[in-house]
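Colleague: I would like a close look at one part of this model, the aromatic pairs and the elements that carry them. Please set them in the context of the whole chain.

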Amino acid sequence: DIIVLELSLTLLPSKNAFISVINSLEDKLELEKLNKNLKVKIDDAIEESKLKNAILFQSSKMAAMGEMIDSIAHQWMQPIGVIGMKLQTLELDIELNKITEKRIKDVVETSEKQIQHLINTINEFRKFFRPNSRVERVSIKELIDSTILLMQDSLIKNNINIKLNGDIDILIDTNPSEFKHIFINLINNSQDAFNENKIDEHDRDIIFYIKKIDNKTSITISDNAGGIPKDIINNIFEPNFTTKTKGTGIGLYMTKQIINKNNSTINVKTIDNGTAFNILINS
């Protein structure tokens, strides 16, 4: 058999002799081989985990897309209806010979306003679903307002009020699309709790409270939807964990993954008749 040896020679002070030490490197080489294989396995596991999270994130977005496409249709009906009504009344005024410059300006201004609302709505949906890894400096209020616009129809249908408190104009560096996805997941979680716990439709509030803590930004999202049972509250961020009949267990898991990726943290606790999620963002 061929074995690998390490030879070292040391000349003695008398310079008429030397010490020779021969060591076998078999164990060392075997250890290096094991370490190399282990590194390859770890790298493969990391890549597999990244791919899995990417697939889960896309699945979560696709699930949201199905609901939001319906929401787009509902949000567009009212502006289109307003424009149609204005044009019909304008046509009637023309037939009755009651048309005035003021009347025409009113129809034009109202229509332009409604058209702008249609454009803003579709642009928000496009930005949300378009892949984008760019980090931008945005205000938390802008992120919340965009999220409300995306979910407007669902919030109205479920009689949910969104309230903003604290320093809502704080700026953070983040990927806007990903952060809006966090807000959507948390709002959806509260929405489901309101309906499952049959909370009075005239008393459904989700409150955002933002404040600066040293060099960090704290965002607390709380509701009055009945709270999360103590026996499951520590499991809600686990993948595929859900207590809902039609739940996937992806939403809150992806929320935590996105927050971790942004070097931030999220915690949850039960408060008086509700739940509070706290996100701590490193500035």
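Modeller: What follows goes from the chain as a whole to the aromatic pairs, and then to the strands and a loop.

This is a predicted model. The chain has 5 helices and 9 strands, in the order β-β-α-α-β-α-β-β-α-β-β-α-β-β along the sequence. Of its 283 residues, 36% are buried. Contacts between residues at least 6 apart in sequence join residues at least 24 apart in 68% of cases. The exposed area of the chain is about 18,000 Å², with carbon and sulfur atoms supplying 54% of it.

Now the rings. Across the whole structure, the search finds 3 aromatic pairs. One of them joins phenylalanine 179 and phenylalanine 183: the ring centres are 5.3 Å apart and the planes stand at 85 degrees, so this pair is edge-to-face. An angle over 60 degrees is what that class requires. Both residues belong to helix H4 (residues 176-196), where they are 4 residues apart, about one turn of the helix. Phenylalanine 179 has 5% relative accessibility and therefore counts as buried; phenylalanine 183, at 1%, also counts as buried. The cut-off for buried is under 20%.

Another pair consists of phenylalanine 237 and phenylalanine 277, also edge-to-face, with 6.2 Å centre to centre and 75 degrees between the planes. This pair links distant parts of the chain, 40 residues apart. Phenylalanine 237 sits in the loop between S7 and helix H5 (251-261), while phenylalanine 277 belongs to strand S9 (residues 274-282). Both phenylalanine 237 and phenylalanine 277 are buried. Phenylalanine 237 has a further partner in lysine 256, which lies over the face of the ring at 5.4 Å from its centre.

Ring pairs also link Phe179 and Phe183 with Phe208 into a cluster. The numbering of strand S6 (residues 205-213) leads from that cluster to the strand pairings. S6 pairs with strand S4 (residues 161-166) in the parallel sense, over 6 bridges, and asparagine 161 stands opposite aspartate 205 of S6. With strand S7 (residues 216-223), S6 pairs in the antiparallel sense over 8 bridges. Lysine 211 has serine 218 in S7 as its bridge partner. The hairpin of S6 and S7 has 2 residues between the strands, and aspartate 214 there takes a positive phi near 55 degrees.

A further pairing involves strand S3 (residues 136-139) and S5, antiparallel over 4 bridges. Valine 138 stands opposite isoleucine 172 in S5. Strand S5 (residues 171-174) has Ile172 and Thr174 on a covered face, and Leu171 and Asp173 on an uncovered one. In a regular strand, side chains alternate between the two faces of the sheet.

Last, the loop after H5. Serine 264 is found between H5 and strand S8 (265-271). Its relative accessibility is 8%, so serine 264 counts as buried. Beyond its neighbours within four places in sequence, serine 264 is in contact with Ile259, Leu280, Ile281 and Asn282.

Methods: Residues numbered from 1 in each chain as written. Predicted model: local features only at pLDDT ≥ 70, side-chain atom pairs only at ≥ 80, totals over all residues. Heavy atoms only, no water. Buried < 20%, exposed > 50% of the residue type's maximum accessible area, 1.4 Å probe, protein only. Contact = heavy atoms within 4.5 Å. Areas by Shrake-Rupley, 256 points an atom, 1.4 Å probe, with all protein chains shown as cover. Pairing = 2+ DSSP bridges. Phe/Tyr/Trp six-rings, centres within 6.5 Å; stacked < 30°, edge-to-face > 60°. Lys NZ or Arg CZ within 6 Å of the ring centre and 35° of its normal.
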